[in-house]
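Thanks for coming. I will go through one chain today, strand pairing to begin with, then rings, backbone oddities and confidence. Please have the structure open.

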Amino acid sequence: MKIFIIIIFYSITLFAHHTAGGGDSSLPTNARFIDPFTGKREKPANYAVFSMDLQKAERQNRNVYTSSIFGEMVFDKGQFALNASGSYLYYDQKDRKDAGRIGKPFIGMKYLPFFDLQKNYFFVLETRLGFPAGPDTDKFAGGNYYLGVGNFTLGYKFYSFALVGKISGQFPLSKLSPSNETGNDGIPYYLRTNTISTNVEEIQLKKAGIYSIYLTYFLNPSISFLTGFLYRTPYYGVEKETSTADRVPNIFREASIGGTYNFSEKYFLSLVYRHPLDRGREWRPYEAGYTLALTMEF
């Protein structure tokens, strides 16, 4: 609990210095879906989310497919929860060989300070810790550094609608360790004569944050629709390239629309389309994003 309080306090400090939010949209998240811990007015359940995400036409003319798993277990009659997540990224790039990478693993915890299932509102405090992905970028993606995440979620449910706002702060907890990021030349990491990459000096790790808001409409007990808006700064998240820092926009904005189908009491299938609102050719992180997720309660 002491660690939880420290990270939440650090997040408060972050937002005091940055009036805008930011973050990395590639990080595992279940904010766009019906979260059994926050999105329903009944006792939260243990659950897992399996998701497939496609970011189409990223930089360097590539498609990125991300498979992730997020699991959460609740305690103390639903007021407290622990979670963990992991991901795998597959790169489909024009004129280059396809490649796969293991993403950054995360562990985290959630806390409902005002736990009252009879109320229409809910407030959630969450903190997550991302571990170094590893120095060999031929095998890992996500950055070889520790990353702290603090989330504040406030929601209100009225009749057939649910409005959820989320403020998230991300802050590096260690320096970016040397890696073989400059290579990608096919030479295995353990055979390189010099594994110290100059890219470490070319990338700055910045505090980042995000503002997001989502409105969900429950058509009936089985079908719901959602729309949302996301605002992030810096533009690409916590990693900022020094060579392009003066040319990259400061903020990134994204709109999303989707729906969820309850095909049984404890199984939910969600589909979301994400559309960047910043359409500049040079600095657009991707053309469009698609996320398919299966949520299972236990």
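Start at F225, whose bridge partner in β13 is G259. That pairing belongs to a set of 10 bridges between β11 and β13, the latter covering residues 252–264, and the two strands run antiparallel. Now look at F225 from the other neighbour. Which residue has F225 as its bridge partner in β11? It is Y217. So much for that row; now the strands around it.

Strand β10 covers residues 208–218, and β11 covers residues 223–233. They are antiparallel and joined by 10 bridges. A hairpin of 4 residues makes the connection from β10 to β11. Further along this pair, Y214 has G228 as its bridge partner in β11. On to the next strand. β10 is also joined by 10 bridges to β8, residues 161–172, again with an antiparallel course. As an example from that pairing, K166 has S212 as its partner in β10. If you want to follow side chains across these strands, one general point applies: in a regular strand they alternate between the two faces of the sheet.

For the chain as a whole, the model has 2 helices and 15 strands. It is a predicted model, which matters when I get to confidence. Of the 298 residues, 46% count as buried. The exposed surface comes to about 15400 Å², with carbon and sulfur atoms supplying 60% of it. As for contacts, take those between residues at least 6 apart in sequence: 61% of them join residues at least 24 apart.

Next, the rings. How many aromatic pairs are there in the count? There are 14. One of them is F75 with F80: the ring centres are 6.5 Å apart and the planes stand at 45°, so the pair is tilted. The two residues also sit on either side of the burial cut-off. F75 has a relative accessible area of 35% and is partly exposed. F80 is at 18%, and because buried means under 20%, F80 counts as buried.

Back to Y217, the residue bridged to F225. Ring pairs link Y217 with Y156, F158 and F161 into a cluster. There are charges over rings as well. K157 lies over the face of F218, 5.2 Å from the ring centre. Elsewhere, the charged end of K104 sits over the ring of Y145, at 4.4 Å from the centre.

Then two backbone points. As background, most residues other than glycine have a negative phi, and most peptide bonds are trans. Y159 has a phi near 55°, a positive value, and Y159 is not a glycine. Where is Y159 found? It is in the loop between β7, residues 147–158, and β8. Is Y159 buried or exposed? With a relative accessible area of 79%, Y159 is exposed. The second point is the peptide bond between T233 and P234, which is cis, with omega about -5°. P234 is in the loop between β11 and β12, the latter being residues 239–241.

One more residue before confidence: H275, in strand β14, residues 267–276. H275 is partly exposed, at 28% relative accessibility. Leaving out residues up to four places away in sequence, H275 touches E254 and A255. H275 and R253 are 22 residues apart in sequence, and their C-alpha atoms are 8.8 Å apart in space.

Finally, confidence. The mean pLDDT of the chain is 76, and 74% of the residues reach 70 or more. Which element has the lowest confidence, and which the highest? Helix α1, residues 2–17, is lowest, at a mean of 33, and strand β5, residues 106–111, is highest, at 93. Residues 1–33 have pLDDT below 50, and beyond near neighbours in sequence this stretch still has 84 contacts in the model. Residues 181–198 are also below 50, with 30 such contacts.

That is the end of my list. Questions are welcome.

Methods
Residues numbered from 1 in each chain as written. Predicted model: local features only at pLDDT ≥ 70, side-chain atom pairs only at ≥ 80, totals over all residues. Heavy atoms only, no water. Buried < 20%, exposed > 50% of the residue type's maximum accessible area, 1.4 Å probe, protein only. Contact = heavy atoms within 4.5 Å. Areas by Shrake-Rupley, 256 points an atom, 1.4 Å probe, with all protein chains shown as cover. Pairing = 2+ DSSP bridges. pLDDT = per-residue confidence, 0-100. Phe/Tyr/Trp six-rings, centres within 6.5 Å; stacked < 30°, edge-to-face > 60°. Lys NZ or Arg CZ within 6 Å of the ring centre and 35° of its normal.
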